[in-house]
Amino acid sequence: MAGTAEEEVYVASIDQGTTSTRFIVYGRHARPVASHQLEFKQHYPEAGWVEHDPMEIIESVKICMSETLGKAAASGLNVDAGLKAIGITNQRETTVMWSKSTGLPLYNAIVWMDVRTSSICRRLESELSGGRTHFVETCGLPISTYFSALKLLWLMENVDAVKDAVRAGDALFGTIDTWLIWNLTGGIGGKDTDGKELLGQHVTDCSNASRTMLMNLKALDWDKPTLEALGIPAGILPKIISNSEKIGVVAGGFPLAGVSISGCLGDQHAAMLGQLCQKGEAKSTYGTGAFILLNTGEEVTQSSHGLLSTIAYKLGPDVPTNYALEGSIAIAGAAVQWLRDSLGIISSAAEIEGLAESVQDSGGIYFVPAFNGLFAPWWRDDARGICIGITRFTNKGHIARAVLESMCFQVNDVLSSMHKDAGEAGEVKSAEGEFLLRVDGGATVNNLLMQIQADLLGSPVVRPADIETTALGAAYAAGLAAGVWTKEEIFAGLHKDNTTVFCPKLDDAHRKKRGDSWYKAVSRSFDLADLSL
């Protein structure tokens, strides 16, 4: 490892999520030593629309960096002197358009779960020869409201400021990683620590680019036929880079000016690296949504069961790319927030575990959180949320437990498809011949949720001591590029803290009956989008 035994060595991560931003500093052995987290406002201008203020996101990053440094200093840590690199991880697909001359957003960021583009999706499906799967062969993704290209088309067709900027050659497109990097590395009128001018770097990493629907998965470059088919000018797109390389330095005006930004991954890819998932290994991250990825090695695996082909990670410009199969679930922890904020059934997210434990089971209640449709493996944007099986016996404990179960049933749906696509040879088993599901994310502190997941899955669920593996993965990538750690040290496990294993207790017959009932409930959620009209 770099540095002497006496030298303080740190690597940090900016973790920009859907509902909050965090900055975490890690020590030499990849354990967190200081952090700060800040929630920011969610904008819902219409039903199914979700937006963020890009400027508020930048401000949240500044605040989190500053507050973390203050906490570190209060603990006697000289992070300013010992920080070797910063990594970035971010909510994926969320789309920003801004002016290269002013540096200001041309519209709010359109968030990944926003469904305003459903009419554009239907139009493209009817116009393109391959229908919904027209671009799957090149980008691994179906036409869906989920992906950035559709959000970009909506902006180009519906926002005058975007139309004018594109026409004038003044528009820049990016997902949140690109927006952060461009601003952190100078943006407009940036200066380095010596007062020299810095130009914001307009780049994206290959994992975030793989979620736009515009990147060729094998070439790791923007796909020209796709751009032509959609009418998207290549000049507005950022340069695609690997997940682990020096990108630029933090400009003046931000804390830690002069420190190298050396790693960038979309949140789910960062979690995969943080969980040290290699070929045949899978992880599930439980956050606002839930995201399950299986590392398929150096070959792209196409799914025939409703999953996405995507990047796992590429740890340097000249190293092989690891690919993955992914199943994305739009609503997981967000359903708990809904219970708290919209229904008032709980006053904090942590309360749901106790409330759900107040009943022995869900009392025949099934909750399908299709608030904005269903993602993998169903891909039904006409689905809407339902809660069925309600009787006079039903109480809020049953509903709370059904919400937790809905997360686990959705993860099961994805893993079932994953098993079919990958086959026995594509998955690594334990010494006991069992498939292990690695889990992470804020919701995994809920022990009941993890036990329900193991019961309904029928396989052990493994939770690491540090559940925030998304930020850890970004730190690994940055530290690798900066020479703090080697790839061998990272995958050997820099810190081998204790894990918690949840083993299934449900018998097979009961598990199958619960699964069949869930599928019946899911089918009831289809074709309900017009109910609000």
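How many residues lie between β1 and β2 in the hairpin that they form? Keep that question in mind as you look at the structure above, which is a predicted model. The answer is 3 residues. On either side of that link, β1 covers residues 10–16 and β2 covers residues 20–26. The two strands pair in the antiparallel sense, over 6 bridges. If you would like one place to rest your eyes, find I14, which stands opposite F23 in β2.

Now let us look at the other pairing of β1. Strand β5 (residues 83–90) is joined to β1 by 7 bridges, and these two strands run parallel. Here Y10 is the residue to find, as it stands opposite L83 in β5.

How well covered is β1? Of its 7 residues, 7 are buried. In a regular strand, side chains alternate between the two faces of the sheet. It is worth checking each side of β1 in turn. On one side sit Y10, A12, I14 and Q16, on the other V11, S13 and D15, and all of them are buried. Both faces of β1 are therefore covered, with buried meaning under 20% relative accessible area.

Let us step back to the whole sheet. It is an open sheet of 6 strands, in the order β3-β2-β1-β5-β16-β15, with mixed pairing. At its edges stand β3 (32–39) and β15 (244–249); each has a single partner strand, so one side of each is left without a neighbour in the sheet. From one strand to the next, the twist averages 25°. At the β15 edge, 3 bridges connect β15 to β16 (residues 260–266), and this pair runs antiparallel. Within it, S244 has G263 in β16 as its bridge partner.

Helices lie across this sheet too. Helix α7 (residues 176–184) lies across β1, β5, β15 and β16, and runs at about 145° to β5. Helix α10 (residues 267–274) lies across β5 and β16, at about 100° to β16.

Follow α10 a little further and you will meet another helix, α15 (residues 469–481). The axes of α10 and α15 come within 6 Å and cross at roughly 80°. Because angles from 65 to 115 degrees count as roughly perpendicular, that is how α10 stands to α15. On the α10 side, the contact is made by D267, A270, A271, L273 and G274. From α15 come T469, T470, L472, G473, A474, Y476 and A477. By class, the residues of this contact are 7 nonpolar, 4 polar and 1 charged.

A second helix pair makes a good exercise. The axes of α3 (residues 118–127) and α5 (residues 148–158) come within 10 Å and cross at roughly 105°, so α3 is roughly perpendicular to α5. Here I120, C121, R123 and L124 in α3 meet L150, L153, W154 and E157 in α5. This contact has 6 nonpolar residues, 2 charged residues and no polar ones.

Let us finish with a single residue, T444, in the loop between β23 (437–440) and α14 (447–457). Is T444 buried or exposed? Its relative accessibility is 0%, so T444 counts as buried. A polar atom of the T444 side chain lies 2.6 Å from the backbone oxygen of G441. Leaving aside residues up to four places away in sequence, T444 touches Y286, V439, M450, R463 and I467.

Terms used:
Residues are numbered from 1 along each chain as its sequence is written. This is a predicted model: local features need pLDDT of at least 70, side-chain atom pairs count only at pLDDT 80 or more; totals for chains, interfaces and linings use all residues. Side-chain values use heavy atoms; hydrogens and water are left out. Buried means under 20% relative accessible area, exposed over 50%, partly exposed in between (1.4 Å probe, protein chains only). Helices (H or I, at least four residues) and strands (E, at least two) are DSSP runs, numbered from the N terminus. Two strands pair if DSSP finds at least two bridges between them. Axes are lines fitted to C-alpha atoms, for helices over the stretch in contact, and angles run from 0 to 180 degrees between N-to-C directions. Contact means heavy atoms within 4.5 Å. Angles under 35 degrees count as roughly parallel, over 145 as roughly antiparallel, 65 to 115 as roughly perpendicular and the rest as oblique. Ala, Val, Leu, Ile, Met, Phe, Trp, Tyr, Cys and Pro count as nonpolar, Asp, Glu, Lys and Arg as charged, and the others, Gly among them, as polar. A polar contact is a pair of N or O atoms within 3.5 Å; within protein, one must be able to donate a hydrogen and the other to accept it, and residues adjacent in sequence count only if both atoms are side-chain atoms.
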